Amino acid sequence: MVPEPGRTGPADRLLTGGRIVTPGGMLSPGWIRLSGELIGAVGAGDPRGQLAGLAAVDLRGQWVLPGFVDMHVHGGGGTSFTEGTAEQARQAAEFHRRHGSTSLVASLVTAPVATLEARAAMLAGLADEGVIAGIHLEGPFLAPARRGAQDARHMLAPDVAVFERLHAAARGHLRVITLAPELPGAAAVIKAAARSGVTAAIGHTDATADVTAAAIDAGARHATHLFNGMRPPHHREPGAAGALLDRDEVSCEVIADGAHLHDITIRLAARAAGPGRLVLITDAMAAAGMPDGSYRLGSMSVRVAGGVARLAGDPGPPGGRPPGDPGPPGGRPPADPGPPGGGPADDPGAIAGSTATMASVVRHALAAGLTVPEVAAAASTTPARVLGLGHRTGALGPGLAADLVVCDDEFGLRAVMRQGQWLTGAP
């Protein structure tokens, strides 16, 4: 692409020689002209004849992908969005930005409504500043049987009045709300969310496929961490996961961290959803980037061992599995941590978010067998579209924010640029 004619400003720079992943394909070698905070032009080959005089960074042999868009993250670097001060929330966002998440949505967990209102109001201030791209309410309208690491004491049946209180507290920055569609009142909240421009997501649910399909008909358009916190699919009852994958209008999150999903499951979800519907997320909590030890996720105590976060001492729901969940034939495999809602008392605690970054999730998804274009779409382009940010970020193209990551041949993160500024130093 030849850049538009016009004077080259002092902020114009050039990135050359990299393998640049764009929505239209890979440019190898390719170049990007930066114009201040925006991408001015993108092209293939050698740009020297047409862009002489620009300061240039040689990215030969390195990958250039759009900056990652993490639409489901609770914290990282030892701090959290779910508790603590605004400055600690800012630190969590900065941690993830340094690891490639140039845009992120702060996710809250189930808590008393007044607490959620206060947290949403605090996070709305950070969204006003551009620190975060919005707010995700993962609760309180969730199914206790599939509570995972959520506090069942504060779960509520979906209520439009409560939704409206939380939406008002977020001051226009509420992007996503997760709910269980089998609960009474769910359809009304889904419709209220759609009217308000908020994406209704299905998650932490024991719903059948038919109930889930009805929720999609009502306006639900997203799956919160597909398979995790859901009734396991069965060939006669595919459950929420099957219904969500079956519908083209639904985008589907997966946590590709090596702990939440088997790699075969990741590949199957990618094939079923396709690059326009698959969304890679971290679901990270405060322990991301930190040593093993004790942490908090909202009101819940979490223990991290071997990089895997689990509730500390959670015995699971009374009676073991939720009703109607027979488990896999022959019982649970020894290495299976059980449904995210917990299990019998001798099971380890439920997985409590992840300790991943988007950079590590991207590497794992590639190692699991997804292609580079699939991963770039799932880590950036598709979540940006789902969040209504696709006109600003999520891809490498003219007029979009200069949000990008530079990776080595093994997809180790080398540099991060956000709005035209290197966050980690130029590569």
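In what order do the eight strands of the open sheet with parallel pairing stand? The close-up views below, taken from a predicted model, begin with that sheet.

**View 1. The open sheet of eight strands, with parallel pairing.** The strands follow one another in the order 6-9-10-11-12-13-14-15. Strand 6 (68-73) and strand 15 (278-280) stand at the edges, and because each has a single partner strand, one side of each is left without a neighbour in the sheet. Within the sheet, strand 11 (residues 174-179) pairs with strand 12 (residues 199-202) in the parallel sense, over four bridges, and V176 is placed opposite T199 of strand 12.

**View 2. Helix 2 against strands 9 and 10, and the largest nonpolar core.** Helix 2 (residues 113-129) lies across strand 9 (101-109) and strand 10 (135-138), and the helix runs at about 165° to strand 9. The largest nonpolar core holds 83 residues, of which F81, L123, I132, F163, L226, L244 and L280 touch the most other members. Helix 2 gives the most to this core, contributing seven residues. When residues up to four places away in sequence are not counted, L123 touches F81, A89, A106, L108, I132 and I135. In soluble globular proteins, nonpolar side chains tend to be buried together.

**View 3. The surroundings of T79 in strand 8.** T79 belongs to strand 8, which spans residues 79-80. With a relative accessible area of 10%, T79 falls under the 20% limit and is therefore buried. The side chain of T79 reaches the backbone nitrogen of A92 at a distance of 3.2 Å. If neighbours within four places in sequence are left aside, the residues in contact with T79 are Q88, Q91, A92 and A286.

**View 4. Strand 19 between its antiparallel partners, strand 5 and strand 20.** Strand 19 (residues 404-407) is covered on both faces, with L404 and V406 buried on one side and V405 and C407 buried on the other. Strand 5 (residues 63-66) is joined to strand 19 by four bridges, the two running antiparallel, and V64 has V406 of strand 19 as its bridge partner. Four bridges also join strand 19 to strand 20 (residues 413-418), again in the antiparallel sense, and here C407 has L413 of strand 20 as its bridge partner. The hairpin of strand 19 and strand 20 has five residues between the strands, and in this hairpin F411 takes a positive phi near 65°.

**View 5. Two buried cysteines, C252 and C407, in a structure with zero disulfides.** C252 is buried, with a relative accessible area of 0%, and C407 is likewise buried, with a value of 2%. A disulfide is a covalent bond between the sulfur atoms of two cysteines. A search of the whole structure finds zero such pairs.

**View 6. The open sheet of three strands, with antiparallel pairing.** The strands of this sheet stand in the order 16-17-18, and the edges are taken by strand 16 (293-297) and strand 18 (308-311), each of which pairs on one side only. On average, and with direction ignored, neighbouring strands of this sheet are turned by 35° against each other. Strand 16 is joined by five bridges to strand 17 (residues 300-305), the two running antiparallel, and G293 stands opposite V304 of strand 17.

Definitions and conventions
Residues are numbered from 1 along each chain as its sequence is written. This is a predicted model: local features need pLDDT of at least 70, side-chain atom pairs count only at pLDDT 80 or more; totals for chains, interfaces and linings use all residues. Side-chain values use heavy atoms; hydrogens and water are left out. Buried means under 20% relative accessible area, exposed over 50%, partly exposed in between (1.4 Å probe, protein chains only). A polar contact is a pair of N or O atoms within 3.5 Å; within protein, one must be able to donate a hydrogen and the other to accept it, and residues adjacent in sequence count only if both atoms are side-chain atoms. Contact means heavy atoms within 4.5 Å. Two strands pair if DSSP finds at least two bridges between them. Axes are lines fitted to C-alpha atoms, for helices over the stretch in contact, and angles run from 0 to 180 degrees between N-to-C directions. A disulfide is a pair of cysteine sulfur atoms within 2.5 Å. A nonpolar core is a set of buried Ala, Val, Leu, Ile, Met, Phe, Trp, Tyr and Cys residues joined through side-chain atoms within 4.5 Å.
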